[in-house]
Each structure stands twice: as structure tokens, then as C-alpha cells.
Amino acid sequence: MPKVRSLLTATALTGATLTAAALTAAAPAQAQAPACAPNVHVPGAQKQVDACLDDLTTAGTVASGHTVPADWAGLQSTATKNPAHVPGVQIDGYFPDTSTFNTNNGWNHDAQFVIRLPEHWTGGLVVAGSPGNRRQYANDFTISDWALAKGYAYAATDKGNSGTEFYKDGKRPGDAMVEWNDRLTQLTRAAKKVVARHYGRSPRRTYAAGISNGGYLVRWQLEKHPELYDGGIDAEGTLWRTDGPNLFTYLPSILRAYPSYAANGDPSAHKALLDAGLAPGSEFLWRFHDQVYWNLTQTIYRKEFDPSYTGDEADYNYAARPRSVHKAVARIALTGRIRKPLITLQGTYDTLLPISTDSDVYSRMVRARGSALYRYYRVEAANHVDGLYDTYPDRLRPLLPCMRSAFTALEAWTTRHQSPPESATLPRPATGDVVNTCSLNAAS
């Protein structure tokens with residue numbers, strides 16, 4: 001079991017009670033690792049708790065209590081191979097905020113963050129926002145482990161609000177999601193200073209990386225704050241456009257059509273579902289998404305932008321809603337004007353954010369701006385969450401290995417000016433370890 005080097009700071013995080021014997025046992029461990037002593041203040045933080053750990057990856061933090069597995073449950077295949085044994089410093093804390101959705105660490109305080117500083121640092125920083133309505137540890141398995149093993153410092157935020165009632169935060173429609181973008185900007189600026197103070201020099205390169213809502217944050221940051229980053233990885237980022245497509249232009253259509261399709265396979269309902277953006281061949285995923293995602297997603301985001309609507313979600317007509325609703329969406333809308341290298345990936349079987357209404361559209365938006373700083377890989381048979389691969393290994397493939405290949409390509413692109421493979425649809429391999437390997441060359 002990995003050993004927590006600084007038992008005092010670790011228990012401050014987990015809320016455990018120290019006995020006199022435990023304090024005595026902790027002293028030699030502290031003395032053995034003087035170089036690890038953090039003593040780095042996070043600029044703007046209201047609270048922070050530091051710990052020196054033998055392993056910053058999930059292989060160690062699950063045991064030491066420095067992650068919350070529920071934050072990242074279901075986002076990866078159980079067959080995914082992850083690195084381990086990366087010693088260093090973890091800083092947990094929060095920035096000033098008035099909302100209390102985040103119960104992690106027993107703090108009941110939003111704007112929580114985690115910063116990890118590996119002993120063997122290679123000069124870079126990876127910053128991430130959480131996917132879905134999850135919290136700051138949501139990327140621990142999918143992004144943090146990989147980045148730390150490559151020698152990067154890592155930072156992530158809960159986006160300032162979380163959970164399925166995030167829309168209750170803020171004073172006016174759209175405020176909660178505006179905060180998401182602000183919190184990632186805030187954390188990036190703070191993490192850069194933490195890295196500089198801890199290692200004695202600023203990071204040579206800083207990347208943004210995210211999945212789903214986290215991917216949206218990457219897009220927004222490279223559009224609005226390119227000065228903070230050297231590039232980004234956007235995996236299936238949520239597309240927000242004032243006039244659509246967005247969640248409100250296709251989810252109500254799906255909610256209207258699916259009951260008839262589920263009841264009797266109604267051909268007209270099937271056509272309506274495909275017209276709404278769902279991919280042919282993804283039908284085996286529809287029941288699960290109906291039970292878990294579609295109505296919940298429509299409801300909570302509609303409450304964020306249009307709280308005055310009182311009708312059925314299946315009857316929601318975004319185009320006919322008041323101008324104030326469209327103005328609220330405009331506050332967080334994307335433009336496609338990226339100003340640093342960006343690699344986008346999305347699965348063709350994404351049944352929550354259909355690829356035809358999401359990344360296909362964002363790709364056209366970027367190219368309409370004439371940007372050469374972009375690559376887009378459509379990953380055949382990948383779905384929105386890799387956990388479903390374990391249920392359908394004969395029909396799906398995970399997106400995560402392609403995201404990791406894209407990260408390696410982004411490094412080469414931004415440090416050695418080595419262009420990634422051209423944008424393409426990546427066919428599902430007939431052989432090989434699809435859970436842990438992915439080629440960005442479509443012909444491979």
C-alpha cells in the first residue's frame with residue numbers, strides 16, 4: 001500500500017483522527033523527505049491542504065484518500081492500463097465562493113481544486129476542467145495519471161459548481177456556466193505561479209485537456225485566453241451556439257420520438273431519431289441513454305438557461321423561446337476562433353452529444369476561420385463514456401487511448417513543430433488492444 005509521507009496534512013484532508021502513536025510514526029517519514037516540503041501558497045486560495053505522497057496516481061491516491069473514485073466512476077474501461085508510482089506533492093483546496101454543492105473533503109464548498117507536483121518534473125503543466133457535472137477528481141484516471149507519468153504538473157477544478165442542481169448557482173440564467181470558464185482561467189493562472197515557485201521556474205508549456213463539458217472548456221479557453229496555453233485536447237466537447245446546434249435543438253426531438261420507437265420500432269420515429277443526429281448503428285445504446293442521460297440533461301441545462309419554462313421537456317422549442325434565453329446561451333457560446341493548436345476527438349457512436357450536431361459542426365466553425373492550428377479525429381464506434389465498452393466490447397471502442405495518442409501528437413506539434421496526421425475518421429481496428437492503443441493514422 002502506498003505510504004502517505006506527511007500524515008499530518010493527509011489527515012487534515014481526509015478528516016481522520018491522529019493518535020499519539022500515529023504522530024510518532026509519522027515523524028521519521030517527514031524527516032526522510034525534506035525535499036518534498038511543499039510550502040507553496042496557491043494564489044487566491046481561501047484554503048489549501050498539502051501532502052507529500054509516494055504516489056500521486058490513482059493507484060496510490062485511492063488508498064491514501066487523495067482522490068474520490070466516485071468522481072471518475074464509469075469514464076474508462078476496466079481493462080485500461082494506467083501508470084503508477086509517481087511521487088510528489090498534492091495540494092487540495094478551494095477559492096472563495098458562496099455556493100456549497102461540492103461535498104468532497106468534507107468541505108461543503110465550491111471552487112475546489114487539486115494541484116499535483118511530481119518530484120521528477122519535465123517542465124510542463126496540464127490543466128483540466130471536470131466533465132459532466134462531476135468534481136475536481138473526475139479526470140484523475142483519464143488525464144492526471146497519464147500526465148503525471150510523463151512528468152507534467154497537473155491541476156483541475158470542479159468548475160465552481162457541480163451536481164445535477166448546478167443551475168441553482170448564480171443570480172441570472174447562464175451564471176453557473178459562465179463560472180465554469182472563469183474558474184478554469186483562475187486555476188490556470190494560479191497553477192502556473194505554483195509551479196514556478198515550487199520548481200524555481202515557470203512551465204515551458206501549458207496544455208488544457210478535457211472530456212465532454214471539460215472539452216467545451218478547452219475550446220473556450222483557446223478561443224478567449226490563448227495567452228495561457230500552448231495547446232489543448234478537446235474530447236467530445238459540448239457545443240454551445242446561440243442559434244444552434246446545441247443541446248436544446250436536438251434533445252427535445254429525441255425525447256419526443258424515442259417512446260414510439262421503443263414501444264414498437266415505429267419507422268417514422270426511427271427516422272426522427274436519426275434526423276435529430278443519432279448515428280445509424282447506435283440503436284443498441286439508445287435505451288441506456290433514454291434511462292440515464294437524455295431527459296436529465298435537457299432538464300438541468302434548460303433550467304440553467306430558461307428557468308421560466310414550465311412545459312414538458314419533449315415539447316421544448318428553443319427557436320421560439322424569448323430572446324433573453326438566446327442571450328443567456330450567447331454568454332457561453334463558442335465561435336471557432338481558436339488561437340493555439342487544438343486537437344478534437346469524438347466517437348461516431350456518441351449518443352449523448354451526437355457527432356453530427358457537435359464536433360462535426362465545431363470543426364467546420366474552426367475551418368471557416370481559416371485556422372491551420374486544428375486537427376479533428378472522428379473515432380469510429382466510440383461512445384460518450386468509455387465504461388460502456390465493457391458491456392459492448394464487440395461493438396464499441398474506447399476514446400481514451402486515442403486521446404492519449406492525440407496528447408503525444410500535440411506535444412510534438414507544439415515543441416518540435418511536427419505536424420500531427422491529417423484530420424480523419426479513424427476506423428475501428430479489427431485486431432489489437434483497442435483499450436490501450438490508438439493510431440491517429442486513418443490507414444493504420
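A crossing of two helices is called right-handed if the near helix is turned clockwise from the far one by less than a right angle. I wrote that down before looking at helices α5 and α14, whose crossing is right-handed. The model I am reading is predicted.

**Entry 1: α5 against α14**

I looked up how α5 (residues 140–149) lies on α14 (residues 400–415). The two helices pack at an angle of about 30°, and their axes are 11 Å apart. On the α5 side I listed Phe141, Thr142, Ile143 and Trp146. These meet Leu400, Met403, Arg404, Phe407 and Thr408 of α14. By class, the residues of this contact come to 6 nonpolar, 2 polar and 1 charged.

**Entry 2: the sheet**

Next I traced the strand order. The sheet is open and has 10 strands, running β1-β2-β3-β5-β4-β6-β7-β8-β9-β10, with mixed pairing. Which strands stand at the edges? I found β1 (47–53) and β10 (424–426) there; each has a single partner strand, so one side of each has no neighbour in the sheet. From one strand to the next the twist averages 15°.

I then checked β4 (residues 124–129) and β6 (residues 205–211). They run parallel and are joined by 5 bridges. For leucine 125, I noted threonine 206 as the bridge partner in β6. Helix α6 (residues 175–199) packs on the sheet and touches β2 (88–94), β3 (112–118), β4, β5 (153–157) and β6. The direction of α6 makes about 30° with that of β3.

**Entry 3: β5 and its two partners**

Is β5 enclosed or open to the outside? I counted 5 of its 5 residues as buried, so the strand is largely enclosed by the rest of the structure. The cut-off for buried is under 20% relative accessible area. I sorted the residues by face: Ala153, Ala155 and Thr157 lie on one side, Tyr154 and Ala156 on the other, and both faces are covered.

With β3, strand β5 runs antiparallel, and 4 bridges join the two. With β4, the pairing is parallel and goes over 5 bridges. I looked for what stands opposite tyrosine 154 of β5, and found arginine 116 and also valine 126. Between β4 and β5 the chain passes through α5, and this β-α-β crossover is right-handed.

**Entry 4: serine 144**

Serine 144 is in helix α5. I read its relative accessible area as 0%, so I entered serine 144 as buried. What does serine 144 touch, leaving out residues up to four places away in sequence? I noted Arg116, Asn139 and Tyr154. Serine 144 and arginine 116 are 28 residues apart along the chain, and their C-alpha atoms are separated by 8.6 Å. Arginine 116 is the residue I had already entered opposite tyrosine 154.

**Entry 5: serine 162**

Where is serine 162 placed? I found it in the loop between β5 and α6. Serine 162 has a relative accessible area of 1%, so I entered it as buried. Apart from residues up to four places away in sequence, serine 162 touches Phe101, Asn102, Asn133, Arg134 and Arg135. I also looked up the separation of serine 162 from arginine 397: 235 residues in sequence, and 28 Å in space from C-alpha to C-alpha.

Definitions and conventions. Residues numbered from 1 in each chain as written. Predicted model: local features only at pLDDT ≥ 70, side-chain atom pairs only at ≥ 80, totals over all residues. Heavy atoms only, no water. Pairing = 2+ DSSP bridges. Axes fitted to C-alpha atoms, helices over the stretch in contact; angles between N-to-C directions. Contact = heavy atoms within 4.5 Å. Nonpolar A, V, L, I, M, F, W, Y, C, P; charged D, E, K, R; others polar. Buried < 20%, exposed > 50% of the residue type's maximum accessible area, 1.4 Å probe, protein only. Right-handed = clockwise from strand over helix to strand, strands pointing away.
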